[in-house]
Amino acid sequence: MPPHGLQLETHKGLPPFSLFIDRAFIPLSELQDLVLNEGISRWDVRYYMAAIHKPSGEGTSIKVAFKVNTSVRPE
C-alpha cells in the first residue's frame, strides 16, 4: 500500500454509535483530481466534493467525499 493517499470513511448508524463503517483508500498515484461541484435533484441542490479515481488498467470512477443538502422550495 502506498504511504500517501486519500482515505474516505462513511459511518452509518445513530450518533454516537456507528453500526457500519465503510472505508476506501485511494493512493496518491491513482488520484486524478478533486472536484467541488453541485448537482440538482428535483427541488434540491446538492453540493459535494468528489475524488476522481483512475486505477492503472481500469476505468475511471468517482468517489464522493462528502455532500451537503440544501433545500430550494418554490414559493
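Is arginine 23 buried or exposed?

1. Arginine 23 is exposed: its relative accessibility is 52%. The cut-off for that label is over 50%, so arginine 23 qualifies. Keep in mind that this is a predicted model.

2. Where does arginine 23 lie? It is part of strand 2, which covers residues 20-27. Setting aside neighbours within four places in sequence, arginine 23 is in contact with three residues named here: Gln7, Leu8 and Glu9.

3. Look next at the pairing with glutamine 7. Arginine 23 and glutamine 7 are separated by 16 residues in sequence. Their C-alpha atoms are 7.0 Å apart in space.

4. Glutamate 9 deserves its own point. Its side chain and that of arginine 23 are joined by a polar contact of 2.9 Å. Glu9 is also on the contact list of arginine 23.

5. Now to histidine 53. This residue sits in strand 4, residues 44-53. Histidine 53 has a relative accessible area of 11%. Buried means under 20%, so histidine 53 is buried.

6. Which side chain makes a polar contact with the side chain of histidine 53? The partner is glutamate 30, at 2.9 Å. Glu30 also appears among the residues that histidine 53 touches.

7. The remaining neighbours of histidine 53 are worth checking on screen. Leaving out residues up to four places away in sequence, histidine 53 touches Ile26, Glu30, Gly59, Thr60, Ser61 and Lys63. One of these, Ile26, falls within the residue range of strand 2.

8. The loop between strand 1 (5-12) and strand 2 holds proline 16. The peptide bond leading from proline 15 to proline 16 is cis. Its omega is near 0 degrees. Please inspect this bond in the model.

9. What pattern does the protein chain follow along the sequence? It reads β-β-β-β-β. The count is 0 helices and 5 strands.

10. On burial, 12% of the 75 residues of the protein chain count as buried. Histidine 53 is buried. Arginine 23 counts as exposed.

11. On surface, the accessible area of the protein chain comes to about 6,400 Å². Carbon and sulfur atoms account for 56% of that surface.

12. On contact range, take the contacts in the protein chain with a separation of 6 or more. Residues 24 or more positions apart account for 24% of them.

Terms used: Residues are numbered from 1 along each chain as its sequence is written. This is a predicted model: local features need pLDDT of at least 70, side-chain atom pairs count only at pLDDT 80 or more; totals for chains, interfaces and linings use all residues. Side-chain values use heavy atoms; hydrogens and water are left out. Helices (H or I, at least four residues) and strands (E, at least two) are DSSP runs, numbered from the N terminus. Buried means under 20% relative accessible area, exposed over 50%, partly exposed in between (1.4 Å probe, protein chains only). A polar contact is a pair of N or O atoms within 3.5 Å; within protein, one must be able to donate a hydrogen and the other to accept it, and residues adjacent in sequence count only if both atoms are side-chain atoms. Contact means heavy atoms within 4.5 Å. Accessible areas come from the Shrake-Rupley method with a 1.4 Å probe; for residues, only the protein chains shown count as cover.
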